[in-house]
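Let's take a walk through this one, helix by helix and ring by ring. Keep the viewer open as you read.

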Amino acid sequence: MQNPTPATPLLKVDGITMAFGGIVAVDNLSFSVQPGEILALMGPNGAGKTTTFHVIAGVHSPDHGTITFDGHEITRARPDRRCRAGLARTFQITQPFDELTVVENVMVGAIAHHRSMAEARVEARRYVDMVGLSERADILAKGLSTGQRKRLEMARAMATRPKLLLLDEVTGGVDMASVPGLIDLVKRLRGEGLTLIIIEHNMRVITELADRAIFMNRGVRMAEGTPAEIARHPEVIELYLGEDDGHG
Amino acid sequence: MFQPVKPSQWLVIAAAILVMAAVPLVTRNSYLLHVLILTMIFGIFASAWNLVAGFGGMKTFGHHAFFGIGAYVSALLSIKAGWSPWLTIWFGALAATGAGLFIGLPILRIKSMSHVAIVTLGFAEIVRIVISNLQTITRGELGLWGIRPFEGFTLPFFGEITFSPADKVPYYYLILLLLIGSTAVIMLLMRSRTGLSIIAMRDAEDAAESLGVNLTRQKLLVFAVSAFLVGIAGAFYAHYISILTPTAAVGIDLMILVIAMALVGGLSTFSGPLVGALLLTGTVELLRDLDQYRLLVYGAMIILIVMFLPKGLTTLGPVLRKRFASR
């Protein structure tokens, strides 16, 4: 790792293995994330990024290995417990609460910290403003565009006041024009003192955002380093970037 | 739903309560009061089912079990133990709550709603069969009769209040109070964090859980509240009708009728199940003259409403406004 004197990591993934039937999706993977860092998980389809993400988020329990977050082992904790501990996530395929308004969607995240619904609403509105959805605050979430839904996902997750935010393909499925805005938004989240893990395909996004990237293939780590180092890594180029230069 | 109640909405609520409270002052027609009492029993039942199935999105088809359990437990305690119905109705409701938690726990883990429907339906059928076979206690299909009515009491300014088949007015006011209480409980619950959580859970369960919603706790809570309310409606029914049979108190017909009420009135709304209960209970009675064609007309009416107002009668206003605005 880059850091000569690593602080206590916020997240420590230790030797996780996860198999589905006979297929080993993640094989003995270990890494840690320092406070304030943005770590990118990259790799081709089927590399095990999403499984890793799900194991950290609590969707799956790993077959082997442990996950330690903020000093507590959370390997088998339910997602709602992880959320209360300060770990939030967004969904690649956005999951808005269709019949709630945008503000109410964000309130679902905010009620964890508020006794009163009125207070939760005030705080929710702040995050709605922060992600730039102020004008849509009172429409039902089902009326949002894809890019707006991604923003809503972030506002909701932020409302839980996380220490670590997992972002699953923030720019996936979004038109090119919306990408810079989303990148700016993620930078602003980091400005709030947040630690982030992002899954991302778009090399430009990774270069702009990530401090460090882990390149995965077939469930194992193939390379690790700064985005620039990863982009120069021969095996990575062969596997991923070489075929599609336009990506970068 | 989570915005403060507007003055105009308070006005509608106050007007509805006033109109209902004024009916016995205008007419003491025993038949009309009976129909309205049944309407209010069904109003509680349909609202409570809507809490779980509409707001909560859990498609349970076995709520008639809670109605029957509430009715039989309250009736049997008052007969066998000699306790006052004023007390036993709460035990009936608690028994229904217990049953709700018992069936609620396993179905929480089932993600497929059609399976939830079948499991709950099966559970209710088991309850019905057990009640019909426990003849030494429940008298089975012969019917449990001689259920004690509520004891009378003296109210200042009103004098002696007696609950008897001859005078339906006390029953009318009692069930009106229970209906107001149930509706208030449902509205307060839905406007709270729990309400927000269960709607979130219905729309996107994984997302709700990732935002800190404890799915098990919230689902069990609404299931228990719903079973309690249905149980109290069942218990009131027992002491009002004073005779229970498994078919009448735990029959599947009851559940189908209640589902129809919620759908016709409007699922996931506060007023929908109440409007549906009024319309369908009322229509059944109005159509009695049609004799065997009654069910035909009744069915056609439900189909028409569901076809043209899929979100229920309570959306009639907005739908019409849209129609006229677009011309």
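Start with helix α5 of chain B, where the buried residues are B:V116, B:A117, B:T120, B:F123, B:A124, B:V127, B:I131 and B:S132. Keep in mind that this is a predicted model. Look at how those numbers step along: an α-helix has 3.6 residues a turn, so residues three or four places apart point the same way. As for what they pack against, the buried residues of α5(B) meet α3, α4, α6 (135-138) and α11 of chain B. The helix has 21 residues, and the distance from its first C-alpha to its last is 30 Å, close to the 30 Å expected at 1.5 Å a residue.

Now for a residue of this helix that isn't on the buried list. B:L121 sits in α5 (residues 113-133) of chain B, and its relative accessibility of 33% makes it partly exposed. Which residues join B:L121 in a nonpolar patch on the surface? The partners are B:F61, B:I252 and B:I256, and the four together have about 310 Å² of accessible area.

Two of those patch residues, B:I252 and B:I256, have numbers that fall within α12 (residues 252-265) of chain B, so that helix is a natural next stop. With 14 residues at 1.5 Å a residue, α12(B) should span 20 Å, and its end C-alpha atoms are indeed 20 Å apart. The buried residues here are B:L254, B:M255, B:V258, B:I259, B:A260, B:M261, B:A262, B:V264 and B:G265. Their cover includes α2 (30-55), α3 (64-80), α11 (246-250), α13 (272-286) and α14 (294-308) of chain B.

Follow the chain out of α12(B) and check the backbone angles. Just past the helix, B:G266 takes a positive phi of about 135°. A little further on, B:S268 also has a positive phi, about 60°, although it is not a glycine. That's worth a glance, given that most residues other than glycine have a negative phi. B:S268 belongs to the loop between α12 and α13 of chain B, and at 26% relative accessibility it counts as partly exposed.

On the far side of that loop comes α13(B), with 15 residues and a reach of 21 Å between its first and last C-alpha atoms, close to the 21 Å expected at 1.5 Å a residue. Its buried residues are B:G272, B:P273, B:G276, B:A277, B:L280, B:T281, B:G282, B:T283, B:V284 and B:E285. Among the elements covering them are α2, α12 and α14 of chain B.

Next, the aromatics. How many aromatic pairs does the structure hold over all chains? There are 20. One of them is B:F55 with B:F270: the ring centres lie 5.4 Å apart and the planes make an angle of 50°, so this pair is tilted. B:F55 is in helix α2 of chain B while B:F270 is in the loop between α12 and α13 of chain B, so the pair ties together parts that are 215 residues apart in sequence. Are the two rings' residues buried or partly exposed? B:F55 is buried, at 1% relative accessible area, whereas B:F270 is partly exposed at 22%.

Then there's B:W86 with B:F163, whose ring centres are 5.6 Å apart with planes at 75°, so this pair is edge-to-face. It also links distant parts of the chain: B:W86 is in helix α4 (residues 85-108) of chain B and B:F163 in the loop between β3 (159-161) and α7 (169-191) of chain B, 77 residues apart. B:W86 is partly exposed, with a relative accessible area of 28%, and B:F163 is buried, with 5%. Both belong to one aromatic cluster, together with B:F150, B:F153, B:Y171, B:F236 and B:Y240.

Finally, hop over to chain A. A:R161 has a phi near 55°, a positive value in a residue other than glycine. You'll find A:R161 in the loop between α5 (146-159) and β7 (164-168) of chain A, partly exposed at 43% relative accessible area. A:I237, in helix α9 (residues 234-241) of chain A, is partly exposed too, at 33%. The C-alpha atoms of A:I237 and A:R84 are 40 Å apart, with 153 residues separating them along the chain.

Technical notes. Residues are numbered from 1 along each chain as its sequence is written. Chains are lettered from A and ligands numbered from 1 in the order in which they are written. This is a predicted model: local features need pLDDT of at least 70, side-chain atom pairs count only at pLDDT 80 or more; totals for chains, interfaces and linings use all residues. Side-chain values use heavy atoms; hydrogens and water are left out. Patches are made of residues with over 30% relative accessible area and no salt bridge: like charges are joined within 9 Å, nonpolar side chains (Val, Leu, Ile, Met, Phe, Trp, Tyr) within 5 Å. Accessible areas come from the Shrake-Rupley method with a 1.4 Å probe; for residues, only the protein chains shown count as cover. A salt bridge is a side-chain nitrogen of Lys or Arg within 4 Å of a carboxyl oxygen of Asp or Glu. Helices (H or I, at least four residues) and strands (E, at least two) are DSSP runs, numbered from the N terminus. Buried means under 20% relative accessible area, exposed over 50%, partly exposed in between (1.4 Å probe, protein chains only). The expected span of a helix is 1.5 Å times one less than its number of residues. Contact means heavy atoms within 4.5 Å. Rings of Phe, Tyr and Trp (its six-membered ring) pair if their centres lie within 6.5 Å; planes under 30 degrees apart count as stacked, over 60 as edge-to-face and the rest as tilted.
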